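Colleague: I would like to learn how to read a protein model. Could we go through it feature by feature?

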Amino acid sequence: MDDLFYFYTVYFIDVILPIPLKQSFTYSVNEDEARFLKQGMRVAVPFGKSKVYTGLVYRVHQTPPAGYETKSIDQILDEEPIITSKQLKHWEWMASYYMCTLGEVIRAALPSAYLLESETIIKLVANAEIDESGLNDEEFLLLEALQHQSSLHINDVRSILDRKNVVKVIEQLLQKKIIEVEEAVVEQYSPKVVRYIKLAAEYTSEENLKELLESQLKNAPRQREVLMTLFMMSSQNNKPITSVLLQKKSGSTASVLRTLIDKSILQEYFIEQDRVQYSGADPGDIKTLNEAQKTAIEELKENFKTSDVSLLHGVTSSGKTEVYVTLISELLKSGKQLLYILPEIALTTQLISRLQEYFGSSISVYHSKYTINERVEVWQNVLDRKSKAQIIIGARSALFLPFENLGLVIVDEAHEPSFKQFNPAPRYHARDAAIVLANLHGAKTILGSATPSLESACNSKHGKFGLVKLTKRYGNVLMPEIQLIDIKEKHKRKQMSGHFSDTLIEAMRETLGNGEQVLLFQNRRGFSPFVECSTCGVAPQCPNCDVSLTFHQYKNELRCHYCGYHIAMLQACMACGSETLDYKGFGTEQIEAEAGVLFPDVVVKRMDQDTTRGKHAYAKLIEAIEHREVDIVVGTQMVAKGLDFRNIGLVGVMNADNLLNFPDFRAHERSFQLLQQVAGRAGRTEKRGKVLIQTYNPHHRILQQVSTNDYDGMYKDETEQRYQYKYPPYYRIIRISFRDRNFNKMQQAATWFGSLLQTRLKDQVLGPEQPPVGRVRNLFITNLLVKIPKQQSLEKTKDFIQKGINSFNSVKEFSSVKLTVDVDNY
């Protein structure tokens, strides 16, 4: 059959390009290429006038495309496919469900080192006649550089001319036929190579080495020292010796080594090595489980007989991780792969060290803080099914890895909104995408949470998911005592020191006196959300966004958290010139500063986006907290996401009201989850912890439910409201956003599209309505909301919306308006 297929001389491949276009593109290949190419291999292909892109082969066939003449591919980039057929099915589902293109999914999924794009290279035309008198200064400068180098990258040209826009200069030289431009694909990934040193074969015997030292190297003491050190190290163990280690041990330099290599006394050789390696002790035994955990494991196994997804609803510190560890150890014996995804990179840092105690080098980690090269190596290890990549821990991007034999997917802290990708496309929810991925592999999924989302809880109540509960903390430690502090009353009685009530200060003093740590939670980074002139009331605004600038004290600057715009802190009001500038509101920086003043003899550290930007910043901070080098930790929601700190005796929530009053239908659910999670950091060992929540409204229903750990009460109240106002889990939501620099055009486009949708969907379409921040990066924003009841076909509704988008794209006056679709916008 294969021979018959390849009998004809003309062959084609369909290629998916990592660009936001719906269709694949067809290119012609020769017979040998057609035989060699398989689905999932990368090819470099010309696209447009001069650009070269990396595309993925979708299929090989012999049907010429209608309407255009095919181009040939530039080159084949892989020996074997880098993605699997199941991966491609998963990506196709993602593109279809989340209403984006397969190219956008591929761009999000593949490490950027795999997505090579051509780069502009400039060369001198061979034997060109050059009249230097007709060149201006910049042209002459570029010519001079090219006479010393055979070619220049476009970025080199920018550096030489010291300007960003160099197109005009290049065009002028092109017109004069002095230079030529070509597009070249440059490989980004380079394997890590370690240099090793060994004695040349003829000097490995003791006699020959002795003769060498006494004759040739008699007057070269530094070279003799290197040889003696190498001989001693080789005799002590049979491991290869790196050049770096040899230099260090002999107290020598690279030039001495180079001299010995040039004399053929030493030989150098190179070995490829993984960038990320496990260097810990041998794996240990799994902890003894209590009865509740053993029962939970049995119930999970029983649930998996009838349902592919199980919700593990375990209170904070109930020992969910140990349950996972037991299931993982059983799975490893079957040789299958496991995916363990978490909402925060900070969590992966702590979990890795815990799981490595049990599983050693079977673990690989995949998230955005890793370098491109490190991610490529993990990708390749998963594809090759290496033992070091049997367990994958990562953030949501780990879903895209090329699993071949997936047996179990664990989504920990499954309620977290961080699992939702908002920009760019695909705007997927990692929890839902993980369930589909597991289903494609015939694997099982566990959703773990102390405060499950209403959707997951609803699915478990209606039998769609299995449900297993852990209602007690490990070791029968009591849930923390939660106390609400009325700061309105405290302000009246003058019992506040800055943003700290006297009750909180006293509890902190007592906790620190007992040798325990304190965690302070404030869900806003920076020093102050905005600065206001107390004379005229003007607050500095971002010029690109409809939002005030946040004051960051550690850099003494005002910064926009939406677009990154920043200016130095003002000395006087920009409007009236008055120097009476006042800080309004407070963030983590201000709490850190106030805590340092109240408790000058203790170590206060901040854990937020500003202090954890570096690759290893999370690990260093978490390690310092675990080793009790920090007494008071001040943090944003980052500290609430499942981190296991064993010595925290007190948690203080600085102000719960800004969570409750957020303009979102999920505000109450998320407030409950966040406050319960942050409360769960307290008292995780023998002693009961304490939680103090400062609020202006202590009688608020959600705060009362938090104080009594009443998840069921919150679920009942919230689901009743959701049903009444037609929100998830009873309705699906699709948000359609419009962005443009011209407000009127954006509003006109949204109104036009809304009217189109209402012809069939009637009152299911809400809007257009501006979000709380109506302009970001100089683009005005407005939204339409489509509510779809469960009994209505989601597929048909999306098809109708897609037809509307196609009509919208054909309207010339709306060509500049950016339209984005977000399915399941929660």
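Modeller: Start with burial. A residue is called buried when its relative accessible area is under 20%, exposed when that area is over 50%, and partly exposed in between. Keep in mind that this is a predicted model.

Colleague: Let me try that on two cysteines. Is Cys 573 buried or exposed? And what about Cys 576?

Modeller: Cys 573 has a relative accessible area of 7%, so it is buried. Cys 576 has 40%, so it is partly exposed.

Colleague: How many disulfides are there?

Modeller: The general idea is a distance test. Two cysteine sulfur atoms must lie within 2.5 Å. Here the count is zero. Take Cys 573: its closest cysteine sulfur belongs to Cys 536, and at 3.6 Å that is too far for a bond. Cys 576 is in no disulfide either, as its nearest cysteine sulfur, in Cys 533, is 3.7 Å away.

Colleague: Now strands. Where do the side chains of a strand point?

Modeller: In a regular strand, side chains alternate between the two faces of the sheet. Strand β13, residues 337–341, is a good case to look at. Gln 337, Leu 339 and Ile 341 point one way. Leu 338 and Tyr 340 point the other way.

Colleague: How many residues of β13 are buried?

Modeller: Five of its five residues are buried, so by the cut-off of under 20% the strand is mostly covered.

Colleague: Which strands does β13 pair with?

Modeller: Strand β16, residues 406–412, is joined to β13 by five bridges, and the two run parallel. There, Gln 337 stands opposite Leu 406. Strand β15, residues 391–394, is joined to β13 by four bridges, again in parallel. In that pairing, Leu 339 has Ile 392 as its bridge partner.

Colleague: What does an antiparallel sheet look like here?

Modeller: Find the open sheet of three strands, ordered β24-β25-β26, with antiparallel pairing. The edges are β24 (550–552) and β26 (566–568). Each edge strand has a single partner, so one side of each is left without a neighbour in the sheet. From one strand to the next, the twist averages 30 degrees.

Colleague: How many bridges join β24 to β25?

Modeller: Three bridges join them. Within this pairing, Phe 551 of β24 has Leu 558 in β25 as its bridge partner.

Colleague: Next, charges. What is the idea behind a salt bridge?

Modeller: Side chains of opposite charge can pair when their charged atoms come close. The whole structure has 28 salt bridges.

Colleague: Can you show me one within a helix?

Modeller: Asp 262 and Arg 258 form one, at 3.7 Å from N to O. They are four residues apart in helix α11 (residues 254–262), which means about one helical turn separates them. Asp 262 is exposed, at 56% relative accessibility. Arg 258 is partly exposed, at 34%.

Colleague: And which pair links distant parts of the chain?

Modeller: Look at Asp 822 and Lys 420, whose closest N and O atoms are 2.8 Å apart. Asp 822 sits in strand β36 (residues 818–823), while Lys 420 is in the loop between β16 and α16. They are 402 residues apart. Both Asp 822 and Lys 420 are buried.

Colleague: What about a pair with both partners in strands?

Modeller: Try Lys 584 and Glu 532, at 3.9 Å from N to O. Lys 584 lies in β27 and Glu 532 in β23, so the pair ties together parts that are 52 residues apart in sequence. Lys 584 is partly exposed, at 29%. Glu 532 is partly exposed too, at 24%.

Colleague: Which residues are linked in a network of salt bridges?

Modeller: Glu 455, Arg 666, Glu 669 and Arg 722 are.

Colleague: Last, polar contacts. What does the side chain of Gln 676 reach?

Modeller: First place the residue: Gln 676 is in helix α23, residues 667–679. At 11% relative accessibility, Gln 676 is buried. Its side chain reaches the backbone oxygen of Val 706 at 3.2 Å. The side chain of Gln 676 also makes a polar contact with the side chain of Asn 709, at 2.8 Å. Leaving aside neighbours within four places in sequence, the residues in contact with Gln 676 include Thr 316, Thr 451 and Ile 482.

Note on methods
Residues are numbered from 1 along each chain as its sequence is written. This is a predicted model: local features need pLDDT of at least 70, side-chain atom pairs count only at pLDDT 80 or more; totals for chains, interfaces and linings use all residues. Side-chain values use heavy atoms; hydrogens and water are left out. Buried means under 20% relative accessible area, exposed over 50%, partly exposed in between (1.4 Å probe, protein chains only). A polar contact is a pair of N or O atoms within 3.5 Å; within protein, one must be able to donate a hydrogen and the other to accept it, and residues adjacent in sequence count only if both atoms are side-chain atoms. Contact means heavy atoms within 4.5 Å. Two strands pair if DSSP finds at least two bridges between them. A salt bridge is a side-chain nitrogen of Lys or Arg within 4 Å of a carboxyl oxygen of Asp or Glu. Axes are lines fitted to C-alpha atoms, for helices over the stretch in contact, and angles run from 0 to 180 degrees between N-to-C directions.
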